[in-house]
Structure formats: C-alpha cells, structure tokens
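Reader: I would like to learn how to read charged pairs and buried polar residues in a model like this. Please take one feature at a time.

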Amino acid sequence: MLTIQEIQDLAKYLTMERHSKRIGNQTEDKSYYDDTFSLPLLKDDKYIIRTGAPARLIDGITEQIVTSNPQVFNEVRKKTKISSEAAANVASEMNRWVKYLNKQTPNPYKQTLKNLLVVGDSYIYVVHNDSLPENWQQDYPESIPVRFYVYDPMVVFYDPDMGEEYGVPNRVIVQYERSAADIKNNYPDWVNPSSVQRVKFLMYFDKESRYVEAGGVPLLKDGIQENIYKSVPFVHIYS
C-alpha cells in the first residue's frame with residue numbers, strides 16, 4: 001500500500017511527465033471541436049470566422065450512432081433450461097439499467113462516444129448509489145444500485161506500469177481543479193487551507209486502497225482507506 005506522500009509523488013509524475021504528451025495532443029484535438037484552434041497564418045482577426053462546424057459534425061454523428069432504445073443481449077453459456085432462464089433474467093435487468101441511464105442528463109452514452117470521437121478515449125467511474133435506503137428495491141424499484149459518471153479523460157491518469165485488465169486500470173489518479181464550495185458540500189468536515197475558490201482535487205484508487213484530498217488536505221477518515229470494491233472503479237475505453 002502506498003503512503004500519502006507516495007500517492008502525491010505518483011500524481012505529479014503521471015500528470016506532469018508520463019501523460020504530458022497525451023494531454024498535449026488531446027488539448028489540441030479538443031481545440032478543433034471547440035473551434036478555438038489557432039490560425040497563425042492569418043494576422044488579422046477580422047478574417048477569422050468561427051462557425052462551430054466541428055462541434056455540430058461530432059454531435060450529429062453522436063446523435064446518429066446512439067440509439068434511443070439501447071438493448072443488451074446476454075449469451076447463454078450452456079444449452080440448458082436453467083442457463084437460458086438465467087441469461088434471460090440478466091438481460092432483462094441489464095436492459096432496465098440501460099434504459100434508466102438513457103434518461104440521464106447529460107446522456108452518458110453520448111458523453112462517452114463524444115469523448116472517443118474528440119480526444120480518442122473515455123473513462124466511466126462506477127460507484128455504488130449511497131443515496132438509496134436499505135430497502136430501495138421496494139421503495140424505489142425503478143432505481144439502480146450504482147451510479148455511472150463519465151469523466152473528462154484529460155483529468156484521469158492511469159498508471160501504464162500497472163496495466164489494465166479488460167479495460168479496468170489497476171491504478172488510477174484523478175486530478176483537476178474543483179470548486180471549494182462543491183468540495184465543502186460533499187465533505188462537510190473539510191477546511192479550505194487557502195482563500196481561493198478553486199482548489200486541486202485528487203482521487204487515487206488501486207485494488208487495495210483509495211485516497212482523496214483537496215488542497216493537499218485528506219478528505220477521508222484515516223486518510224487512506226481500504227478499497228471495498230477490490231477493483232479500481234473505472235472503466236477505460238479508447239478508440
């Protein structure tokens with residue numbers, strides 16, 4: 001298990017060195033989608049017309065590819081009645097999940113596809129839905145027990161030395177500037193070490209542990225906690 005100092009050093013290495021070229025390339029790619037790319041040969045700005053055409057092109061493709069009625073099919077493992085019924089039950093529950101997700105705003109399917117089309121990869125953060133009561137299946141039968149968050153891939157840094165297993169990184173750092181008010185709302189015991197309104201937010205996961213800090217201040221009880229999932233709760237997709 002890494003210490004807090006080792007996690008901070010790893011975050012600095014992954015963000016500033018190991019992934020620096022990727023972030024540079026993705027920043028340039030995104031500038032074309034945002035229609036903010038530079039035109040150095042044009043010296044007079046009055047000749048530059050920003051039409052937003054790249055974003056409309058990508059968004060149009062996304063709308064065409066992502067269906068309004070996604071479906072999940074589960075392959076039967078054995079040609080038996082029990083196996084067929086089990087596969088049908090799993091498919092039925094998964095179809096309920098995908099329809100539920102399709103109603104979210106922003107739409108996670110469209111977000112994921114847009115990330116792939118614009119910068120070439122995407123990350124999905126999967127975490128249990130702790131807002132549900134213990135008997136949620138009776139009180140909220142339409143809900144699902146987990147949340148899916150589509151992260152900007154430019155703030156997620158997996159450790160290539162640790163590799164991935166079927167798209168799941170074995171070690172990952174998430175780091176970005178986050179509103180101090182939002183952090184305080186989610187972590188009431190946190191005290192902002194400075195007067196700035198946006199502070200550096202860091203999350204770390206490996207198979208055994210997790211760590212979260214804001215402005216260099218640990219946010220979890222005891223600092224480093226056990227990862228109850230025993231798996232990094234991120235899925236990495238890339239084109």
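Reader: Is Arg-178 buried or exposed?

Author: This is a predicted model. The cut-off for buried is under 20% relative accessible area. Arg-178 has 13% relative accessibility, so Arg-178 counts as buried.

Reader: What does Arg-178 form with Asp-182?

Author: Side chains of opposite charge can pair when their charged atoms come close. Here Arg-178 and Asp-182 form a salt bridge, with the closest N and O atoms 2.8 Å apart. Asp-182 is partly exposed, at a relative accessible area of 31%.

Reader: How many salt bridges does the structure hold?

Author: There are 11 salt bridges in the structure. One of them joins the side chains of Asp-161 and Arg-18, at 3.2 Å from N to O.

Reader: Where do Asp-161 and Arg-18 lie?

Author: Arg-18 belongs to helix 1 (residues 4-18), while Asp-161 sits in the loop between strand 3 (156-158) and strand 4 (164-165). The two are 143 residues apart in sequence, so the pair ties together parts that are that far apart along the chain. Asp-161 counts as exposed because its relative accessibility is 57%. Arg-18, at 35%, counts as partly exposed.

Reader: Which residue meets Lys-46 in a salt bridge?

Author: That residue is Asp-44, and the N to O distance is 3.9 Å. The cut-off for a salt bridge is 4 Å, so the value of 3.9 Å for this pair falls within the limit. Lys-46 is exposed, with a relative accessible area of 59%, whereas Asp-44 is partly exposed at 33%.

Reader: Which residues are linked in a network of salt bridges?

Author: A network of salt bridges links Glu-208, Glu-226 and Lys-230. Glu-208 also appears among the residues that Asn-227 touches.

Reader: Where is Asn-227 found, and is Asn-227 buried or exposed?

Author: Asn-227 is in the loop between strand 10 (225-226) and strand 11 (234-238). With 1% relative accessibility, Asn-227 counts as buried.

Reader: What does the side chain of Asn-227 reach, and which residues does Asn-227 touch, not counting residues up to four places away in sequence?

Author: The Asn-227 side chain reaches the backbone oxygen of Ser-231 at 3.1 Å. With residues up to four places away in sequence left out, Asn-227 touches Phe-205, Asp-206, Lys-207, Glu-208, Ser-209, Arg-210 and Val-232.

Methods: Residues numbered from 1 in each chain as written. Predicted model: local features only at pLDDT ≥ 70, side-chain atom pairs only at ≥ 80, totals over all residues. Heavy atoms only, no water. Helix = DSSP H or I, 4+ residues; strand = E, 2+ residues; numbered from the N terminus. Buried < 20%, exposed > 50% of the residue type's maximum accessible area, 1.4 Å probe, protein only. Polar contact = N/O pair within 3.5 Å; in protein donor to acceptor, adjacent residues only side chain to side chain. Contact = heavy atoms within 4.5 Å.
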